[in-house]
Amino acid sequence: MKKSPQFRVVLVTAPTIKVARQLAKIALTNRAVACANLIPRIESHYWWKNKLEKSAEVLILFKTRASKLEDLEKLILQNHPYDTSEVVALNITSGSKRFLDWLATETTSRTPR
């Protein structure tokens, strides 16, 4: 395992698989992330406007660098249909060397496609 304080996993929920795919494509095309995993059919329970709610959602796991978080958040907020979009970043403290090397390569500053 390789120690890695510079990388993050970012959690974002979306209302549908179509929206999740669009957000993933936008983030990938803009090189804000190296990878997006879409986990469909999660059930979310939460408070919204003083009422207990539940809904079916899709969880997106983005893998990126800490230095890309601001760009990723901006892209998500600009393109997400929710009033209050979930964008939660978790530190990756270590990971397999090959994966982290790949993550570093794919999130280097490049011109968006």
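Reader: In strand 4, which residue is the bridge partner of Arg 8?

Author: Asn 91 in strand 4 is the bridge partner of Arg 8. Keep in mind that this is a predicted model.

Reader: What makes strand 1 and strand 4 a pair?

Author: Two strands pair if DSSP finds at least two bridges between them. Strand 1 and strand 4 have seven bridges. The cut-off is met, so they pair. The sense is antiparallel.

Reader: How do you know that strand 1 pairs with strand 3?

Author: By the same kind of count. Eight bridges join strand 1, residues 2-14, to strand 3, residues 51-65. At least two are needed, so this is a pair. These strands run antiparallel. One of the bridges links Phe 7 to Arg 65 in strand 3. Another links Ala 14 to Val 58 in strand 3.

Reader: In what order do the four strands form the sheet?

Author: The order is 2-3-1-4, in an open sheet with antiparallel pairing.

Reader: Why do strand 2 and strand 4 stand at the edges?

Author: Strand 2 (35-48) and strand 4 (88-95) each have a single partner strand, so one side of each lacks a neighbour in the sheet. From one strand to the next, the twist averages 30 degrees.

Reader: Which strands does helix 2 touch?

Author: Helix 2, residues 69-79, packs on the sheet and touches strand 1, strand 3 and strand 4. Its direction makes about 140 degrees with that of strand 3.

Reader: Where does helix 3 lie?

Author: Helix 3, residues 97-106, lies across strand 1, strand 2, strand 3 and strand 4. It runs at about 70 degrees to strand 1.

Reader: How do you know that the buried residues of helix 3 are on the same side?

Author: The buried residues are Leu 100, Leu 103 and Ala 104. They cover an arc of only 100 degrees around the axis, which puts them on the same side of helix 3. Their cover includes strand 1, strand 3 and strand 4.

Reader: What span is expected for helix 1, and what span does it reach?

Author: Helix 1 has 13 residues. At 1.5 Å a residue, 18 Å is expected from the first C-alpha to the last. Helix 1 reaches 18 Å, close to that expected value.

Reader: Which residues of helix 1 are buried, and which are exposed?

Author: Val 19, Ala 20, Leu 23, Ala 24 and Ala 27 are buried. The arc they cover is only 135 degrees around the axis, which puts them on the same side of helix 1. On the other side, Lys 18, Arg 21 and Lys 25 are exposed. Exposed means over 50% relative accessible area. The buried residues pack against strand 1, strand 2, strand 3 and helix 2.

Reader: What follows helix 1?

Author: Arg 31 follows helix 1, and its phi is positive, near 60 degrees.

Reader: In the largest nonpolar core, which residues touch the most other members?

Author: Ile 60, Phe 62 and Leu 72 do, in a core of 15 residues. Strand 1, helix 1, strand 3 and helix 2 each give two or more residues to this core. Helix 1 gives the largest share, four residues.

Reader: With which residues is Phe 62 in contact, leaving aside neighbours within four places in sequence?

Author: Among them are Val 10, Val 12, Leu 23, Ala 27, Leu 72 and Ile 76. Contact means heavy atoms within 4.5 Å.

Reader: Which residues does the second, separate core include?

Author: It has ten residues, including Leu 11, Leu 59, Leu 61 and Ala 104. Ala 104 is also one of the buried residues of helix 3.

Methods:
Residues numbered from 1 in each chain as written. Predicted model: local features only at pLDDT ≥ 70, side-chain atom pairs only at ≥ 80, totals over all residues. Heavy atoms only, no water. Axes fitted to C-alpha atoms, helices over the stretch in contact; angles between N-to-C directions. Core = buried A, V, L, I, M, F, W, Y, C linked by side-chain atoms within 4.5 Å. Buried < 20%, exposed > 50% of the residue type's maximum accessible area, 1.4 Å probe, protein only. Expected span 1.5 Å × (residues − 1). Arc of directions from axis to C-beta.
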